[in-house]
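Biologist: Please show me the structure. I have some questions about how the chain folds and what surrounds the RNA.

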Amino acid sequence: MNFITEAVTKAVKILYQTEVDPNQINLQETRKEFEGQVTLVTFPFTKFSKKSPEQTGAEIGEFVKNELPEVSDFNVIKGFLNISLGDSYWLDQFYTNILADQFAVFSPKGKRVMVEYSSPNTNKPLHLGHVRNNLLGYSVAKILEAAGYDVIKANLVNDRGIHICKSMLAWQKFGQGETPETAGVKGDHLVGKYYVIFDKAYKKEIEALVASGQTEEEAKKNAALIKEAQEMLLKWEAGDEQVIGLWKTMNSWVYAGFTETYQRLGVNFDKFYYESNTYLLGKDIVEEGLQKGVFFQKEDGSVWIDLTADGLDQKLLRRSDGTSVYMTQDLGTAQLKYDDFQMDESIYVVGNEQDYHFKVLFLILEKLGKSWAKGLYHLSYGMVDLPSGKMKSREGTVVDADDLISEMEQTAREHTEALGKVESFSESEKLQLYHTIGMGALKYFLLKVDPKKRLLFDPSESVDFQGHTGPFIQYTHARIRSVLNRAPFEVGVEKVSRLFPEERDLILLLIQFPDMIEAAALAYNPAAIANYIYEVAKGFNKFYHELSILQADDQLTKNFRLKLADASGKVIKKGMGLLGIDVPERM
RNA sequence: GGUCCCAUAGCUCAGCUGGAUAGAGCAACAGAUUUCUAAUCUGUAGGUCUUAGGUUCGAAUCCUAAUGGGAUCACCA
């Protein structure tokens, strides 16, 4: 639309002897109820024209129409100049731009970006909150890739600490040698079971201690189980062979389980970091900070940074006993990642309950003078709520990821069987389709919402398959493929010269795809893609409903519509791919 | 208490750097299939954009405050 901006600039210059800044020129899509496709808001120009908005619009419109052959007509309503571009303009866009091999393909930006996501704890299976995280991270990585970035997907696994010791201890005490094989349970679920067992036993101990007169706080510290777990952690840190052995065994169970869940979710990683390797990092940085005078030491020897001038608090970076804290480790890990990849940007996909942590983390790195600190970004997303409130893993009110996936597949099966369209499918094709549709529904449901907003998930209502949903879009794609399989279009035949409104509207939508990718990449926002693709699907369905493709009046029109359908299908497929969603050929 | 985030139709959500009469889907109601997949399409109904000020020719959008909801502020991770 640059050529319109230029013409308007010229119009204002000649008509009103004023130079306007091109990005002051406000072009937008014309609302459906008015004639035209592009609208110029003319209020700002009345200052220069000294005339009414209507008259100003009419003058600019007249000028632009004479200036640009593409402009076929215009009308003015109040301060809005609605410009109509001729069919030949849109057809030209379609044939030379949308149909080109390079449509919506970006050339490399020469920038590297790391997306860290998932980052699970190894003491329990993944739940719905992790699902949102994984889908977001994967999609953002895909979008950045599409926009021309060199992307590294990273997963920082929290594989050590008191939480995993709790599972280990409970297994040691009550497990009787149970393994995923003997129990017939997925490894991550088995370990999670012992985490819950620990918690129950621990709570009982606390209750007993409270009954015997201790305060709850004391009881929490004094319970035998927690002390044992802490001892176990110390042994782990000391490299105790037996503890390390058990730790390795139980973690390997969890990894086998995670691998399966990741595979079903359709996400993957280029690089794994493990906290067992990184938890000691950051000690150098503490020294560096002290030396640079960015950190300070208190009398007891603990090391802090004072961020009160930035509206934050004082933050501990090294305990008085010389051990480090979470923040220290994250400082070290940030440095490690940068040393490994020298990326221009580094995105942390982490829930918004850690907003403060990342604000502090980034600020510290900046104060230390790390040149790469400005490339750090916390992609903060809202929690997933259930109608009953928050999910609490220890209280069993979580929606388990594996269960959820299975339920989605089951629901997809029921819907599909009720419609009876897949009789000709083989059994494995059917299973594949149920997975595609079920995951399409789930992923779209979670990704269409702005990441930063919290999200309400109602398991009883489950996820819809009609309306603004993944399956709706998948269905649109299947329809397109169905038509194209009946009659492939011919390449290189003559072009049509006029358009129906439904055709033009669809072209208008399709042409926005590259801008959408760019905008979504800039905002790290898959929801922008999700909502756009929905518009495309709706636009196609309308076109499909109003105009016949295969029974078009003439061969030229038929061929054009086949190409338009094909282009729509490609945008849908690619766009859904950016969300990590597959689209079927038939459904 | 300090700081941060959120508030749009009965429900779930769009609404780009301020622009026209605030849009979708679900749910409700009424229609469309001799025709390319009805998981579709069309229509009706549904709103003081939490409230009160302010900036502006113009505010759901920007600023301030209040209310409601959430998060966070550990020598936890």
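Biologist: What percentage of the 587 residues in chain A are buried?
Modeller: This is a predicted model. A residue counts as buried under 20% relative accessible area. Among the 587 residues of chain A, the buried share is 51%.

Biologist: How many helices and strands does chain A have?
Modeller: The C-alpha trace of chain A spans about 90 × 65 × 45 Å along its principal axes. Within chain A there are 14 strands, and the helices number 22.

Biologist: Is helix α5 largely enclosed or open, and how many of its residues are buried?
Modeller: Helix α5 runs over residues 128-146 and has 19 residues. From first C-alpha to last, α5 reaches 27 Å, close to the 27 Å expected. The rest of the structure largely encloses α5, because the buried residues number 17 of the 19.

Biologist: Which residue just after α5 takes a positive phi?
Modeller: The phi in question is about 100°. The residue that takes it, just after α5, is glycine 148.

Biologist: Is glycine 187 buried or exposed, and what is its relative accessible area?
Modeller: Glycine 187 lies in helix α8, residues 187-211. Its C-alpha is 8.6 Å from that of asparagine 251, although the two are 64 residues apart along the chain. The cut-off for buried is under 20%. Glycine 187 is therefore buried, at a relative accessible area of 7%.

Biologist: Where is glutamine 176 found?
Modeller: Most residues other than glycine have a negative phi. Glutamine 176 has a positive one, near 50°. It is exposed, with a relative accessible area of 79%. Glutamine 176 sits in the loop between α6 (162-174) and α7 (180-183).

Biologist: Is glutamine 342 buried, partly exposed or exposed?
Modeller: Phi of glutamine 342 is positive too, near 50°. This residue lies in the loop between α14 (326-341) and β11 (345-351). Partly exposed covers the range between under 20% and over 50%. At a relative accessible area of 46%, glutamine 342 is therefore partly exposed.

Biologist: Which residues are the closest to RNA strand B?
Modeller: In total, 63 residues surround RNA strand B. Sugar and phosphate make up 64% of the strand's atoms that come within 4 Å of the protein. The closest residues are Phe80, Asp300, Lys421, Tyr475 and Tyr544.

Biologist: What distance separates a backbone N or O atom of aspartate 450 from a phosphate oxygen of RNA strand B?
Modeller: Tyrosine 326 also places a backbone N or O atom by a phosphate oxygen of the strand, at 3.4 Å. Lysine 453 uses a side-chain N or O atom, 3.1 Å from a phosphate oxygen. For the backbone atom of aspartate 450, the distance is 2.6 Å.

Biologist: Which element gives the largest share of the surface near RNA strand B?
Modeller: By class, that surface has 26 nonpolar, 15 polar and 22 charged residues. The largest share is 7 residues, and it comes from α18.

Biologist: What span should α21 have, and how far apart are its end C-alpha atoms?
Modeller: At the start of α21, a side-chain oxygen of asparagine 525 comes to within 3.0 Å of the backbone nitrogen of alanine 527. Helix α21 has 21 residues, so at 1.5 Å a residue it should span 30 Å. The end C-alpha atoms agree with this, at 31 Å.

Biologist: Which element gives the largest share of the lining of the second largest pocket?
Modeller: The volume of this pocket is about 720 Å³. It is lined by 19 residues, and those closest to its centre are Glu29, Lys32, Asp505, Leu509 and Glu535. The lining divides into 5 nonpolar, 5 polar and 9 charged residues. The largest share, 7 residues, belongs to α19.

Biologist: How much space lies in the largest cavity?
Modeller: The whole structure holds 2 cavities of 30 Å³ or more. Residues lining the largest include Tyr338, Met343, Trp372 and Leu376. Its lining has 4 nonpolar, 2 polar and 2 charged residues. The space in the largest cavity is about 40 Å³.

Terms used. Residues numbered from 1 in each chain as written. Chains lettered and ligands numbered in written order. Predicted model: local features only at pLDDT ≥ 70, side-chain atom pairs only at ≥ 80, totals over all residues. Heavy atoms only, no water. Helix = DSSP H or I, 4+ residues; strand = E, 2+ residues; numbered from the N terminus. Expected span 1.5 Å × (residues − 1). Buried < 20%, exposed > 50% of the residue type's maximum accessible area, 1.4 Å probe, protein only. Near = heavy atom within 4 Å. Polar contact = N/O pair within 3.5 Å; in protein donor to acceptor, adjacent residues only side chain to side chain. Nonpolar A, V, L, I, M, F, W, Y, C, P; charged D, E, K, R; others polar. 1 Å grid on protein atoms, 1.4 Å probe; cavity = no way out; pocket = protein on both sides within 12 Å on 5 of 7 lines; lining within 4 Å. Points joined across faces, edges and corners; volume = space filled by probe spheres on them.
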